[in-house]
Amino acid sequence: MTTPHASVPEELIALRQRYRLERERRVRPDGAGQYRDTEAEFGYYAADPYTAEPAERAPLHDTVDVAVVGGGFGGILAGARIRQQGVRRVRVVEKGGDFGGTWYWNRYPGIHCDIESHVYLPMLDETGYVPEWKYAPGEEIRRHAVRIAEKSGLYPDALFSTAVTSLTWDEDSETWIVATDRGDEFRATYVVTATGTLSEPKLPGIPGIEDFTGHTFHTSRWDYAYTGGTPDGGMTGLARQRVGIVGTGATGIQVVPMLAEDAGHVYVFQRTPSTVDVRANCRTTAADVGADRAGWAHDRRENYLRIVSGETAERDLVADRWTASAGLLEKLLPSFRRQGDREAFEAAYELADAAKMNELRARVEETVADPDTAEALKPWYRYACKRPTFSDAYYPAFNRDNVTLVDTADTHGIERITENGVMVGDTTYELDCLIFATGFSVGASGITSGKLPVHGRGATQLLHAWAKEGPRTLHGFTSNGFPNLIQMGSLQNASSVNFTHILDEQAVHAAALVAAAEAEGALIEPSREVQDAWIAVLAEGAPDHEWFHADCTPGYYNREGRGRPNGPIAYPHGAFAFHELLARWRKESMAEVLRARTAARG
Ligand code: NDP
């Protein structure tokens, strides 16, 4: 926690006070409990609008080499890297109607990735693809996901519009039984779980939400049948409509300018303003990124990871607002603790933070003509308390006559939804269409959420095995008692803003584990001792995030204002160092997780 200090400049003391007040305006006693899952009576909000009628098929009862749960970039990359090792039958099981994960679901107007496309899109070296924009539109990214899946031969065995409902280890055959909601019960020698962290759309639990009789949907299920148009705009269906949008996070920032172009009137219901930095998107050529050189994409990605992981790099190849602000992102990194004199470092850090936030607040003032609207759009918290966003079209949208900003901070968000619209204070905003850009439940899918039960040796449930001491893994990937199960994600592993890079490294690691087990005719399973040793490594350098997150305005970064849990949740020295550690381990220590099989391979 920040404490007043005799030598703290007046400006910083005033800022701290303002930040505290703005946080208090927004913290709610119900924390994450304020949200509703898109299930049961709200299941409509999660239905797939892109593949209305899943193809009819008979349930499967066959055997494959590898089952991959999830067909987003994690699952695609795991499948691709495992197939590169010569393993033939890899079956990806995916809830959506095609590959793509978040890029399958999110097709809202204006969708782009705000990480540079040349480092975000994986396997550019292998596929020979060179993105056309510095920040690619969503459809280009979705098509690249499909491209990798096609090139890697993942389509013939893939199951779409299918959710895995349980994973059960069969001791006799030493295979996993994979059950799905389409009646499948097939076997797999290995299972890789790649279910994503922000994959289940969530809704605000606003009283009366079910009473609204106008049209409504979540941004991750955009209803083009209603709005008309495409992600590039042209939403003629909204021409005379009064449209409300709830949420001004990374998604809302991209959607609002597009709605402003096409809708009769747009009401933007804001609770906390985002930081909106310069985007400066531009067309790029292969020459711009040195794509004529073998390994160019690999090198660029490594360079980016170095910089955003707080490592030194000779050059900044991407050179955008993420890398320019990388120093300020360091407080989010487990490696933050490494910085020498903590007090002096934090003091310098706070000054740099204030300078950056002043610059961002000045950007609002310079762009937005109406002073009250400009004031309400200014973010009052430290940089990266909420996920940074980037747009050159968002603030100008508020200078249009058909856009109204409705600040809901004083009422802790929208107070009530009625049949006809949205109530904030004494005002009801009558609407024809209400769009929720309210984000996703963190870690709500997959094996750690409890929604996908995993039974390992002796029918032990994974979450029961972890109930007492918390998760126990080696490197986040494998667990004692759960042979041949490889988990992808950031638990006890490492993370970065460029998450596809993390996923690709994880996929390479998963593929190496499978290849080693295949070569030795062995099972993959760490001993308890190996697991304990890894937990000790994590615990030894466990960062203290509390000092930063506890003062932050609420959001999913700090469990809606409750702070971040301390403890061994991630590798303490950052993603770049973690990748080096994994590469070394694969060379020197892989044998420690290989165990003799007892059953013959079928
Ligand atoms: P977020 O969770 O970031 O934002 C949800 C928004 O809904 C917030 O503005 C929140 O306000 C608002 N909200 C929630 N409840 C209420 C309420 N009752 N009344 C008023 N407002 C409310 O979701 P996003 O979909 O914007 O982004 C999720 C994540 O997806 C991002 O953080 C990012 O990781 C990823 N993403 C990445 C993109 C990319 O380009 N790479 C693009 C888009 C998303 P408050 O802040 O006050 O809680």
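This is a short chat about cores, salt bridges, ring pairs and strands in a predicted model.

Student: Let's start inside. How many residues does the largest nonpolar core have?
Tutor: The largest nonpolar core has 123 residues.

Student: Which ones have the most contacts inside it?
Tutor: F73, W222, L259, V268, Y394 and F398 have the most contacts inside that core.

Student: And which helix gives the largest share?
Tutor: Helix α16, residues 499–520, does. It supplies 10 residues of this core.

Student: Where does this core lie relative to domain 1 and domain 2?
Tutor: It lies between them, because both domains give residues to it. Domain 1 is 10–37 + 202–279 + 364–436. Domain 2 is 63–200 + 442–596.

Student: Why would nonpolar side chains be buried together?
Tutor: That is a general tendency in soluble globular proteins.

Student: Back to L259. What does L259 touch?
Tutor: Leaving out residues up to four places away in sequence, L259 touches W222, M235, L238, V243, I245, V266 and I435.

Student: What about a second core? How many residues are in it?
Tutor: The second core is separate and has 21 residues. Among them are A67, V93, L452 and F482.

Student: New topic. How many salt bridges does the structure hold?
Tutor: It holds 40 salt bridges.

Student: Give me one. What does D62 form a salt bridge with?
Tutor: D62 pairs with R89. Their closest N and O atoms are 3.6 Å apart.

Student: Which parts does that pair tie together?
Tutor: D62 lies in the loop between β1 (35–37) and β2 (63–69). R89 lies in the loop between α2 (73–84) and β3 (90–93). So the pair ties together parts that are 27 residues apart in sequence.

Student: How accessible are the two partners, D62 and R89?
Tutor: D62 is partly exposed, with a relative accessible area of 23%. R89 is partly exposed too, with a relative accessible area of 26%.

Student: Next one. What is the partner of R283?
Tutor: R283 forms a salt bridge with E132. The closest N and O atoms are 3.5 Å apart.

Student: How many residues apart are they?
Tutor: They are 151 residues apart, so to speak of distant parts of the chain is fair, because R283 sits in the loop between β11 (276–277) and α9 (296–308), and E132 in the loop between α5 (124–127) and α6 (138–151).

Student: Is R283 buried or exposed?
Tutor: R283 counts as exposed, at 54% relative accessibility. The cut-off for exposed is over 50%. E132, at 41%, counts as partly exposed.

Student: And D170? Which side chain does it meet?
Tutor: D170 meets R187 in a salt bridge, 2.9 Å from N to O. D170 lies in strand β4 (residues 164–170) and R187 in strand β6 (residues 185–193), so the pair ties together parts that are 17 residues apart in sequence.

Student: Is D170 buried or exposed?
Tutor: D170 counts as buried, at 18% relative accessibility. Its partner R187 counts as partly exposed, at 30%.

Student: Which residues does a network of salt bridges join?
Tutor: R18, E22, R25, R26 and D410 are joined into one network by salt bridges that share partners.

Student: Now rings. How many aromatic pairs are there?
Tutor: The count comes to 22 aromatic pairs.

Student: Why is the pair of W103 and Y120 edge-to-face?
Tutor: Their planes stand at 75°, so the pair is edge-to-face. The ring centres are 5.9 Å apart. W103 is in helix α3 (residues 102–105) and Y120 in helix α4 (residues 117–120). Both W103 and Y120 are buried.

Student: What about Y394 and Y395?
Tutor: Their planes are at 50°, so that pair is tilted. The centres lie 5.6 Å apart. Y394 and Y395 are both buried.

Student: Which rings form a cluster?
Tutor: Ring pairs link F42, Y44, Y45 and F436 into a cluster.

Student: Last bit, strands. In what order do β14, β15 and β16 form their sheet?
Tutor: The order is β14-β15-β16, in an open sheet with antiparallel pairing. The edge strands are β14 (416–417) and β16 (427–430).

Student: How many bridges join β14 to β15?
Tutor: Two bridges join them. I417 stands opposite V422 in β15.

Terms used: Residues are numbered from 1 along each chain as its sequence is written. This is a predicted model: local features need pLDDT of at least 70, side-chain atom pairs count only at pLDDT 80 or more; totals for chains, interfaces and linings use all residues. Side-chain values use heavy atoms; hydrogens and water are left out. Two strands pair if DSSP finds at least two bridges between them. Helices (H or I, at least four residues) and strands (E, at least two) are DSSP runs, numbered from the N terminus. A nonpolar core is a set of buried Ala, Val, Leu, Ile, Met, Phe, Trp, Tyr and Cys residues joined through side-chain atoms within 4.5 Å. Buried means under 20% relative accessible area, exposed over 50%, partly exposed in between (1.4 Å probe, protein chains only). Domain bounds come from an automatic or database domain assignment. Contact means heavy atoms within 4.5 Å. A salt bridge is a side-chain nitrogen of Lys or Arg within 4 Å of a carboxyl oxygen of Asp or Glu. Rings of Phe, Tyr and Trp (its six-membered ring) pair if their centres lie within 6.5 Å; planes under 30 degrees apart count as stacked, over 60 as edge-to-face and the rest as tilted.
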